[in-house]
Amino acid sequence: AAANGGGDSGGSFDIGLPGAVEGKVVTRFPPEPSGYLHIGHAKAALLNQYFADMYKGKLLVRFDDTNPSKEKDEFVENIMKDIADLGLRYDRLTYTSDYFPQLLELGEKLIRAGIMYADDTPVEQMREQRMKSIESACRGRSVEENLRIWEEMKAGSEVGLANAMRFKMDMKSVNGTMRDPVAFRCNLSHHWRTGNKYKVYPTYDCACPFVDAVEGVTHALRTSEYRDREEQYYWILSAYQKIWPGLPNVHIWDYSRLNFVNTVLSKRKLTWFVETGRVEGWNDPRMPTVQGILRRGMRIEALKEFIISQGASKNITFQEWDKIWTINKKLIDPVCPRHTAVEEEGKVLLTLEDGPAESEVVVVPRHKKYPPAGKKAVTRARQLWIEQVDAATLKEGEEVTLMEWGNAIIKTITRDPATGAVTALSGSLNLDGDVKKTRLKLTWLAAVPQCEVVQLQLVDFDYLINKKKVEEDDNFMDLVNNATRFEKLAIGDPNMRTLQKGDILQLERKGYYIVDEPYGVKGAGRPIVLFCIPDGRTK
Ligand code: ATP
Ligand code: MG
Ligand code: MG
């Protein structure tokens with residue numbers, strides 16, 4: 001346990017790194033540019049930052065780009081954006097592909113040292129042999145033959161493509177990752193950075209220990225499900241140290257992977273949602289990506305606070321989304337402006353017999369306890385729109401409170417005889433009435449042309465996955481939720497025209513929303529699009 005820094009602890013990463021020396025620690029965050037960053041990557045990034053800061057050391061960001069089939073410029077650009085949004089402060093940005101020349105040199109040295117051999121056993125059969133600890137017939141190939149095949153691999157020839165280079169490790173090991181893992185394989189795909197220059201690429205297992213050591217990484221943080229690979233990492237690093245003088249040691253330190261309920265956090269699975277059109281893209285508000293959750297209304301400070309609260313626990317648990325959204329709500333509630341919306345469907349006209357003949361405008365704060373939120377105009381009139389859900393609960397003679405105005409008494413209620421829905425209401429003002437004594441605080445909007453209401457589209461979302469805890473052997477495609485986007489039309493107060501993309505607001509008595517499409521940006525006639533921000537209370 002000591003090598004891993006001890007057991008569980010809640011609250012903060014109060015456990016230190018083994019062998020850490022102040023001013024000398026170097027950590028790294030190594031994303032593979034095969035997708036956008038998700039919330040698990042955010043944990044990895046912030047944790048590496050945390051330890052670099054704790055020891056006044058350095059943080060490196062390294063694009064781990066060893067698989068040309070999966071990597072794209074689009075992903076590099078968006079990961080850079082995500083890193084900026086996360087506020088990551090790194091000392092150096094590097095690419096594993098920078099080291100391709102050295103890695104190929106290393107490959108040749110490994111062959112000459114007799115610790116790497118070429119194997120043309122078909123993939124499936126190789127997998128089975130590894131499972132059953134069966135040595136490949138190729139394990140005994142001579143150095144000369146391996147060198148000859150290495151040249152074929154570098155050229156991407158047919159012979160090269162049929163072979164993979166494997167570490168001659170330990171086929172009898174109880175640890176499956178030690179049974180001669182693949183070090184290099186051919187790939188003729190275009191590499192996003194080096195183009196078609198290379199035909200042979202190192203695997204992650206082969207490249208990572210070398211690049212970590214060369215870059216002077218002192219502590220390589222990995223998620224604990226890779227613990228089996230620790231032995232492999234150290235074997236590979238010490239093999240390199242024997243043939244590549246001066247390579248320093250690296251400590252592996254593991255932490256628990258972040259999982260969320262009703263969520264998959266794997267780029268392969270998230271790619272599927274994007275490619276099948278089940279979401280708009282990687283930044284869809286239903287995606288657990290950094291861009292997705294920010295677009296849904298998460299504040300970066302809330303994300304950071306949540307991750308720090310995870311502490312250094314090594315337990316792999318499923319986190320509740322409610323927990324992180326509750327943290328978020330505490331940050332947005334004290335500052336976000338308040339606005340009014342009335343749902344379109346079934347909205348009811350309330351006529352106040354003694355209401356003002358001419359509409360009147362009063363100016364009130366957008367947030368009563370937070371003046372920087374600004375002010376807004378409220379139009380009062382004889383006729384008001386109120387929501388069907390409120391109207392349906394009213395009784396004749398009942399006293400209610402009109403928010404930002406005062407009390408009123410409901411006089412008559414007209415209903416549709418067929419459906420029972422309220423179709424019209426009448427009442428009169430009772431401005432001396434006690435607002436503390438009414439059952440209902442009504443949201444309302446003046447139903448006169450002077451009050452230029454805006455059209456709103458209110459959008460709510462559900463989880464992409466309908467099973468709470470997705471397990472290893474579940475096929476996630478069987479667990480896909482079919483209805484995950486819900487839209488409602490509403491009218492909103494005229495002040496909402498000034499809201500900008502990304503602004504967060506509260507709709508009185510409804511909840512928190514973030515502006516996804518502001519007024520007028522995509523032409524006239526389109527509603528303002530507001531996404532509902534979860535507030536941590538399970539519906
Ligand atoms: P994915 O399964 O999403 O493809 P990955 O590990 O293959 O994840 P990388 O881009 O290689 O993707 O990950 C970059 C870093 O983020 C690695 O150090 C990895 O261990 C870490 N990481 C990935 N997923 C999580 C997670 N759910 N929780 C914590 N750290 C994670
Ligand atoms: Mg990876
Ligand atoms: Mg993965």
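Asp180 sits in the loop between strand 5 and strand 6 (182–186), and in this predicted model its phi is near 45 degrees, a positive value in a residue other than glycine. Most residues other than glycine have a negative phi, so this loop is a good place to pause. Is Asp180 buried or exposed? With 22 other C-beta atoms within 10 Å, Asp180 is buried, because the cut-off for that label is 20 or more.

Now look at Ser133, in the loop between helix 4 (123–131) and helix 5 (143–155). Here too phi is positive in a residue other than glycine, this time near 60 degrees. Ser133 has 13 other C-beta atoms within 10 Å, so it counts as partly exposed.

Strand 5, which leads into the loop of Asp180, has a partner worth tracing. Strand 5 (residues 164–167) pairs with strand 4 in the antiparallel sense, over four bridges. To find one of the matched pairs, pick out Ala118 and look across to Met165 in strand 5, its bridge partner. In a regular strand the side chains alternate between the two faces of the sheet. Strand 4 (residues 116–119) has Met116 and Ala118 on one side and Tyr117 and Asp119 on the other. These residues are all buried, so both faces of strand 4 are covered.

Strand 1 (residues 26–29) shows a similar layout. Val26 and Arg28 point one way, Thr27 and Phe29 point the other way, and all are buried. The pairing here is parallel: four bridges join strand 1 to strand 2 (residues 58–63). For a landmark, follow Phe29 to its bridge partner in strand 2, Val61.

Next comes a helix. Helix 7 (residues 204–214) is mostly covered, with eight of its eleven residues buried. The buried ones are Cys206, Ala207, Cys208, Pro209, Phe210, Val211, Asp212 and Ala213. Just after helix 7, Gly216 takes a positive phi of about 75 degrees.

Time to step back to the whole chain. The domain assignment splits it into domain 1 (2–98 + 204–322), domain 2 (101–202), domain 3 (342–446) and domain 4 (454–533). Take domains 3 and 4: their centres, taken over C-alpha atoms, are 26 Å apart. Nine residues of domain 3 are in contact with eight residues of domain 4. On the domain 3 side, strand 13 and strand 16 (375–380) each supply at least two of the touching residues. That side is made up of five nonpolar residues, one polar and three charged.

Strand 13 also belongs to an open sheet of seven strands, in the order 12-25-26-27-23-24-13, with mixed pairing. Which strands stand at the edges? They are strand 12 (338–339) and strand 13 (341–343), each with a single partner strand, so one side of each has no neighbour in the sheet. Further in, strand 23 (residues 454–461) and strand 24 (residues 485–492) run antiparallel, joined by eight bridges. Among the matched residues are Val459 and its bridge partner in strand 24, Glu487.

One more residue links distant parts of the chain. Asn328 has its place in helix 12 (residues 321–332). The C-alpha atoms of Asn328 and Asp535 are separated by 7.5 Å, although the two residues are 207 apart along the chain. Asn328 is buried, with 26 other C-beta atoms within 10 Å. Leaving aside neighbours within four places in sequence, Asn328 is in contact with Met298, Arg299 and Ala302.

Then there is ligand 1. Of the 16 residues around it, Gly40, Ala44, Leu258, Ser266 and Lys267 come nearest. Helix 1 (39–54) and strand 8 (219–223) are the elements that give two or more residues to this shell. Helix 1 has the largest share, with four residues. By type, the shell around ligand 1 holds five nonpolar, five polar and six charged residues.

Finally, a word on confidence. The chain averages a pLDDT of 94, and 96% of the residues score at least 70. Residues 1–11 have a pLDDT below 50, and beyond near neighbours in sequence this stretch has 25 contacts in the model. For the complex, the predictor gives an ipTM of 0.96 and a pTM of 0.92.

Note on methods
Residues numbered from 1 in each chain as written. Chains lettered and ligands numbered in written order. Predicted model: local features only at pLDDT ≥ 70, side-chain atom pairs only at ≥ 80, totals over all residues. Near = placed C-beta within 6 Å. Nonpolar A, V, L, I, M, F, W, Y, C, P; charged D, E, K, R; others polar. pLDDT = per-residue confidence, 0-100. Contact = placed C-beta atoms within 7 Å. Pairing = 2+ DSSP bridges. Domains from an automatic or database assignment. Buried ≥ 20, exposed ≤ 12 C-beta atoms within 10 Å, placed from the backbone.
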